[in-house]
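Hi everyone, thanks for making time for this. I'd like to walk you through one model and a few places in it worth a look.

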Amino acid sequence: MLFKVAGRYRTRAPTSKHNAKKIDEWCGSGYEYMGQDPDLYRCLSEDLDKGSLILLHHYQVSCPFTGRTQLLRMSHVGNQNYLFGRKIGDLIDGSLISPMYKNYIFKISGACDRNGRPYHPGIYKIGRVRVLKEPGTFGYQAWRAPRSGCRRRKIVKGCVLDAGAAAVSLIVVKKGDQEIPGLTDQVRPKTLGPKRASKIRKLFNLSKLDDVRKYVIKRNVKIGQSVTPKGVKIQRLVTPERIRRKQQRIRESMKKAIKRQRDREMYEKRFPSTSSSTHK
């Protein structure tokens, strides 16, 4: 979030509740709503005039139909508050973001502020919250844990978007009338397919008699001056070599069991008194 003051931009400004109330009137939301976020107060300046508030948003739009993503960097005046009060998981109209997204419907999948704090889904609150998190969960990486089983308080933000949202992730739910260049006009081929044999059969609707190795998704890799196709290594693939090794392991285990039985019988014949006492 940047503020234009006296012909230049400031990233941080002194606190002023008067300007917070004034900006709140432009944005059309309640004063208590704006006052719950301490990050917003640090961005307020006493020298701001009406219309000088500039909000910079980064929109990462992804289209699951084509497998492509697009990053938009757009600036809005403070009175355009169509994201204020929206929650993660809500559906919004694409025309609110840009005219090129007319009749598009997006789903808010995530967001973060300029400090990198994520908006936690499921916490219906505005502003920052200290949540007790376990390692490996949202907002707490597993490798940062000093030991197993420990929990720590992590600062996250509620799922309700406010003026501090700097980056918002969107997913295309419904396509509009026009194609968006670089997002919906071209389908990105799937370079990495499933590795497990059963999942490959499920993807191509194959039977157990079909050869799965012929249906591996491959991609062209340039090595030096030559281009060679490269595919994944199939896991859990039943081959004649694997069957032979399994039968060999079974034969070896049966030989060991027979040998133990013979050794036991020879021991009982050689030491009958010891064997009878052990059975008692």
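I'll start with the whole chain, then move to the cores, a hairpin and three single residues.

First, please keep in mind that this is a predicted model. Mean pLDDT for the chain is 76, with 75% of the residues at 70 or more. The part to treat with care is residues 1-54, where pLDDT stays under 50. The model still has 104 contacts beyond four places in sequence for that stretch.

Now the overall layout. The chain holds 6 helices and 11 strands. Of its 280 residues, 31% are buried. If we take the contacts with a separation of 6 or more, 61% of them join residues 24 or more positions apart. As for the surface, about 18,900 Å² is exposed, and carbon and sulfur atoms supply 50% of that.

On to the inside. In soluble globular proteins, nonpolar side chains tend to be buried together. Here the largest nonpolar core has 25 residues, and Tyr59, Phe106 and Leu170 are the ones with the most contacts inside it. Which elements give two or more residues to this core? They are strand 3 (53-63), strand 6 (105-113) and strand 9 (165-174). Strand 9 brings the largest share, 4 residues.

Leucine 170 is a good spot to zoom in on. Setting aside neighbours within four places in sequence, its contacts include Tyr59, Val61, Ile92, Ile97, Phe106 and Ile108. Gln60, Ser62, Lys107 and Ser109 are also among the residues that leucine 170 contacts. There is a second, separate core too: it has 6 residues, including Ile200, Val212, Val216 and Ile234.

Let's turn to strand 10, residues 218-223. Does this strand lie largely in the open or under cover? None of its 6 residues is buried, so strand 10 lies largely in the open. Its partner is strand 11 (residues 226-231), and the two pair in the antiparallel sense over 6 bridges. Together they make a hairpin with 2 residues between the strands. In that turn, glycine 224 has a positive phi of about 75 degrees. Isoleucine 223 stands opposite serine 226 of strand 11.

Just past the hairpin, valine 232 lies in the loop between strand 11 and helix 5 (240-270). It counts as partly exposed, because its relative accessibility is 22% and buried means under 20%. Beyond four places in sequence, valine 232 contacts Pro194, Lys195 and Val216. Its C-alpha is 6.3 Å from that of lysine 195, although the two are 37 residues apart along the chain.

Compare that with threonine 66, in the loop between strand 3 and strand 4 (68-77). Where does its side chain reach at 2.7 Å? The answer is the backbone oxygen of leucine 183. Threonine 66 is buried, at 7% relative accessible area. Not counting residues up to four places away, threonine 66 touches Leu183, Thr184, Gln186, Val187 and Arg188.

One last stop: valine 129, in strand 7 (residues 128-133). This residue is buried, with a relative accessible area of 16%. Outside its four-place neighbourhood in sequence, valine 129 is in contact with Ile123, Lys154, Ile155, Val156 and Gly158. The C-alpha atoms of valine 129 and arginine 153 are separated by 9.4 Å, with their positions 24 residues apart along the chain.

That's my tour, and I'm happy to take questions.

Notes
Residues numbered from 1 in each chain as written. Predicted model: local features only at pLDDT ≥ 70, side-chain atom pairs only at ≥ 80, totals over all residues. Heavy atoms only, no water. Buried < 20%, exposed > 50% of the residue type's maximum accessible area, 1.4 Å probe, protein only. Pairing = 2+ DSSP bridges. Core = buried A, V, L, I, M, F, W, Y, C linked by side-chain atoms within 4.5 Å. Contact = heavy atoms within 4.5 Å. pLDDT = per-residue confidence, 0-100. Polar contact = N/O pair within 3.5 Å; in protein donor to acceptor, adjacent residues only side chain to side chain. Areas by Shrake-Rupley, 256 points an atom, 1.4 Å probe, with all protein chains shown as cover.
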